[in-house]
Amino acid sequence: MSHGIYDDLLAAAEKYSGFTALVCRDESISYRYLIRKIDRISKSLASLCAPGDIISIMSLNCLETVYLIYAANRLGVAVCMIPPDSGRDNIVNSIMKTKSKVLFIGSGLIKEEQLGQFKGLVPKIVALPEGAKKSVFNTIKSRLTRSSGIISSWEQFLASKEKNPKFPERTEDSTAVILCSGGTDGLRKLVEISNANMFSQISKIHDGEDFIEGSLILCGVPIYHGFGLTTCLHPMLCTGIGCALAHKIIPAAYGTSMNLSFFCS
């Protein structure tokens, strides 16, 4: 029987279909809609990679990042989460060591002088729609699109679909995500988190008396960090607790901007 983080979420979606699963910026989506988006995106992702491959995501908290994490898992593809503040050497190291097939990146996160680092490093780059109307990255995107075609927009990515994608069984010990450590002695270390590692956190939420199904938690930390992903996002979603993603991490604004049941930071 297949058991990956996608399966955990799917089971929750069947139980809590009408509950709010995610809130980010001005969008609020249900569990039913979340699974529909993930399944749709998995078909586009299948056109760029295959089971056993790895993709990288470098982005602030956004809905598209969550969709991609679970869509990749459905395909048997691991996800390397690269912190946007990693610096050039760490970004390159992460992509090279994982041999990522695709890099999904948030708008405005790459400076013009970093342009050359991706050539020959990753087959495809997809720009996530993070709401920026104009940014340095958009300028770079247009240049690369003309010169090499390795970059595409989120809309272009969605337009390409694999008609008959393969959805292999996911094992508990297979890698779900790869996180970047603090790297206190140089380059950041890459830490593999298995499906079983992610699942183990769910029981801890069930044991908590203060967590109520149908409530909402504010995730005030980036989900490219271990705590944000393995504690604030996945186990909450899998126990019927919606997650409000703070796109920009501004703790001082949380108390006045949202009325939520829980706060994780």
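Select helix H8 to begin, in what is a predicted model, and colour its residues by exposure: the helix is mostly covered, with ten of its twelve residues buried. The buried residues are Gly228, Leu229, Thr230, Thr231, Cys232, Leu233, His234, Pro235, Met236 and Leu237. While H8, residues 226-237, is still selected, place a distance between its end C-alpha atoms; they are 16 Å apart, which agrees with the 16 Å that twelve residues should span at 1.5 Å a residue.

Move next to the sheet. Seven strands form it, and if you step across them in the order E7-E6-E5-E3-E4-E8-E9 you will follow an open sheet whose pairing is mixed. At the edges stand strand E7 (151-153) and strand E9 (190-194), each of which has a single partner strand, so one side of each is left without a neighbour in the sheet. Turn the view as you go from one strand to the next, since the twist averages 25° for each such step.

Now select strand E6, residues 124-128, together with E7: the two run parallel and are joined by three bridges, and Val126 can be found opposite Ser152 in E7. E6 is itself mostly covered, as four of its five residues are buried. Adding E5 to the selection shows another parallel pairing, in which E5 and E6 share five bridges, with Leu103 standing opposite Ile125 in E6.

Stay in strand E5 and pick Gly106, which has its place there. Gly106 is buried, and its relative accessible area is 0%. If you then pick Ile57 as well, you will have two residues that are 49 apart in sequence, while their C-alpha atoms are 8.5 Å apart in space.

With the strands still shown, bring in helix H4, residues 88-98, which lies across strand E3 (54-58), strand E4 (78-81), strand E5 (102-106), strand E8 (175-180) and E9. Looking along E3, you will find that H4 runs at about 165° to that strand.

Which aromatic rings should be selected next? The structure holds five aromatic pairs, and one of them is formed by Phe104 and Trp154, whose arrangement is edge-to-face, at 6.4 Å centre to centre and with 70° between the planes. Phe104 lies in strand E5 and Trp154 in helix H6 (residues 154-159), so this pair ties together parts that are 50 residues apart in sequence. Both Phe104 and Trp154 are buried.

Keep Phe104 selected and exchange Trp154 for Phe157. The ring centres of Phe104 and Phe157 are 5.2 Å apart and their planes stand at 80°, so this pair too is edge-to-face, the planes being over 60 degrees apart. Here again distant parts of the chain are linked, with Phe104 in strand E5 and Phe157 in helix H6, 53 residues apart; Phe157 is buried, as is Phe104.

Two further stops complete the tour. Select Tyr16, Phe19 and Tyr31 together, and you will have one aromatic cluster in view. Then select Arg74 and Phe167: where does Arg74 lie in relation to the ring of Phe167? Arg74 lies over the face of that ring, at 3.7 Å from the ring centre.

Technical notes: Residues are numbered from 1 along each chain as its sequence is written. This is a predicted model: local features need pLDDT of at least 70, side-chain atom pairs count only at pLDDT 80 or more; totals for chains, interfaces and linings use all residues. Side-chain values use heavy atoms; hydrogens and water are left out. The expected span of a helix is 1.5 Å times one less than its number of residues. Buried means under 20% relative accessible area, exposed over 50%, partly exposed in between (1.4 Å probe, protein chains only). Two strands pair if DSSP finds at least two bridges between them. Axes are lines fitted to C-alpha atoms, for helices over the stretch in contact, and angles run from 0 to 180 degrees between N-to-C directions. Contact means heavy atoms within 4.5 Å. Rings of Phe, Tyr and Trp (its six-membered ring) pair if their centres lie within 6.5 Å; planes under 30 degrees apart count as stacked, over 60 as edge-to-face and the rest as tilted. A charge sits over a ring if NZ of Lys or CZ of Arg is within 6 Å of the ring centre and within 35 degrees of the ring normal.
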